[in-house]
Amino acid sequence: MFDWLTQQISDSPLTYLVAFLAAGGDVLMPLIPSETIVITAGVVVAQGGLRLWLLIPVVALGAMVGDNLAYWLGRKVGDPIVQRLVRSEQSQARLRWAERATRRHGSVVVVAGRFIPGGRTMSTLAAGTLEMPWRTFLLADVVAATLWAVYATMLGYLGGETFRHSSWKPIVLALAVATVLSAVVEVWRRVQRRRGRDVLGDPLDQQS
């Protein structure tokens with residue numbers, strides 16, 4: 001499977017377009033495995049199939065386009081689009097968290113939401129529905145998208161450098177590291193909440 005994924009992503013220069021669309025599309029279609037695709041593209045860079053200096057800005061730009069689309073949908077369409085995208089009870093709880101966190105922490109939530117499972121969609125929609133000034137949102141999103149693009153691409157690249165003669169080992173390693181880091185962030189947030197510091201709150205436990 002990993003050999004097939006690497007082969008598909010490295011077939012042609014259209015890979016940059018695939019990475020762009022994946023990075024932008026998952027904000028409204030979370031089932032798109034954007035992080036896996038970007039990490040795999042990073043592995044391909046290490047194996048000589050793509051260019052790192054081009055892949056990172058392409059991924060960052062795609063992420064920014066998707067985030068801004070979600071922001072403007074939230075701002076201009078509001079409740080109708082939110083009701084279509086946020087149907088489950090869990091998703092509604094995450095959105096309420098994002099709205100509370102955005103009111104309290106502002107643009108910090110846009111950056112942090114990028115690295116919290118399920119946080120990207122809710123933080124960008126909340127920024128729009130709460131009418132965060134677009135310039136404020138854009139500045140935060142440039143930071144968030146750039147950090148994420150560097151993080152995901154370099155995970156794949158470093159994995160590819162470590163296992164130059166394998167297609168699946170660097171992908172497994174990079175995905176494992178990404179999973180561990182996400183888990184560490186989640187544990188840290190929960191510890192801070194229990195200590196009463198409420199850094200960004202908990203998207204499922206705070207139900208006010």
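The legends below describe close-up views of a predicted model.

**Figure 1. The whole protein is built from helices.** The secondary structure comes to ten helices and zero strands. From the N terminus on, the elements run α-α-α-α-α-α-α-α-α-α. Of the 208 residues of the protein, 46% count as buried. The accessible surface comes to about 10,700 Å², and 64% of this surface belongs to carbon and sulfur atoms. Among contacts between residues at least 6 apart in sequence, 77% join residues at least 24 apart.

**Figure 2. The largest nonpolar core has 27 residues.** Leu 55, Val 59 and Trp 148 touch the most other members of this core. Two or more core residues come from each of helix H2 (14-25), helix H3 (34-46), helix H4 (52-76), helix H9 (134-162) and helix H10 (168-194). H4 gives the largest share, seven residues. Another core, of 13 residues, lies apart from this one; among its members are Trp 97, Ala 101, Ile 116 and Leu 125. In soluble globular proteins, nonpolar side chains tend to be buried together.

**Figure 3. A view centred on Trp 148 shows its contacts.** Neighbours within four places in sequence are left aside here. Trp 148 is then in contact with Ala 23, Ser 34, Glu 35, Val 38, Val 59, Ala 63, Arg 114 and Phe 115. Of these partners, Val 59 is, like Trp 148, one of the residues that touch the most other members of the largest nonpolar core.

**Figure 4. Thr 153 is a buried residue of helix H9.** Thr 153 counts as buried because its relative accessibility is 0%, and the cut-off for buried is under 20%. Not counting residues up to four places away in sequence, Thr 153 touches Val 38, Gly 42, Leu 52, Leu 55, Ile 56 and Val 59. Val 38 is also in contact with Trp 148.

**Figure 5. Leu 50 is found in the loop between H3 and H4.** Leu 50 has a relative accessible area of 5%, so this loop residue is buried. Residues up to four places away in sequence are not counted among its contacts. Leu 50 touches Thr 15, Tyr 16, Ala 41, Val 44 and Val 45. Leu 50 and Ile 9 are 41 residues apart in sequence, and their C-alpha atoms are 9.7 Å apart in space.

**Figure 6. Trp 72 is a partly exposed residue of helix H4.** The relative accessibility of Trp 72 is 31%. Trp 72 therefore counts as partly exposed, a class that lies between the limits of 20% and 50%. Leaving aside neighbours within four places in sequence, Trp 72 is in contact with Val 77 and Trp 134. Ala 127 is 55 residues away from Trp 72 along the chain, and the C-alpha atoms of the two residues are separated by 9.1 Å.

**Figure 7. The largest pocket is lined by 26 residues.** About 690 Å³ of space lies in this pocket. Asp 26, Arg 114, Ile 116, Pro 117 and Gly 118 are the lining residues closest to the pocket centre. H3, helix H6 (89-105), helix H8 (119-129), H9 and H10 each supply at least two residues of the lining. H10 gives the most, with five residues. The lining divides into 13 nonpolar, eight polar and five charged residues. Two of the residues closest to the centre also appear in earlier views: Arg 114 is in contact with Trp 148, and Ile 116 is a member of the core of 13 residues.

Terms used
Residues are numbered from 1 along each chain as its sequence is written. This is a predicted model: local features need pLDDT of at least 70, side-chain atom pairs count only at pLDDT 80 or more; totals for chains, interfaces and linings use all residues. Side-chain values use heavy atoms; hydrogens and water are left out. A nonpolar core is a set of buried Ala, Val, Leu, Ile, Met, Phe, Trp, Tyr and Cys residues joined through side-chain atoms within 4.5 Å. Buried means under 20% relative accessible area, exposed over 50%, partly exposed in between (1.4 Å probe, protein chains only). Helices (H or I, at least four residues) and strands (E, at least two) are DSSP runs, numbered from the N terminus. Contact means heavy atoms within 4.5 Å. On a 1 Å grid over the protein atoms alone, a cavity is a set of points where a 1.4 Å probe fits but cannot get out, and a pocket is an open set with protein on both sides within 12 Å along at least five of seven lines; lining residues have an atom within 4 Å of a point. Grid points are joined across faces, edges and corners, and a volume is the space filled by probe spheres set on the points. Ala, Val, Leu, Ile, Met, Phe, Trp, Tyr, Cys and Pro count as nonpolar, Asp, Glu, Lys and Arg as charged, and the others, Gly among them, as polar. Accessible areas come from the Shrake-Rupley method with a 1.4 Å probe; for residues, only the protein chains shown count as cover.
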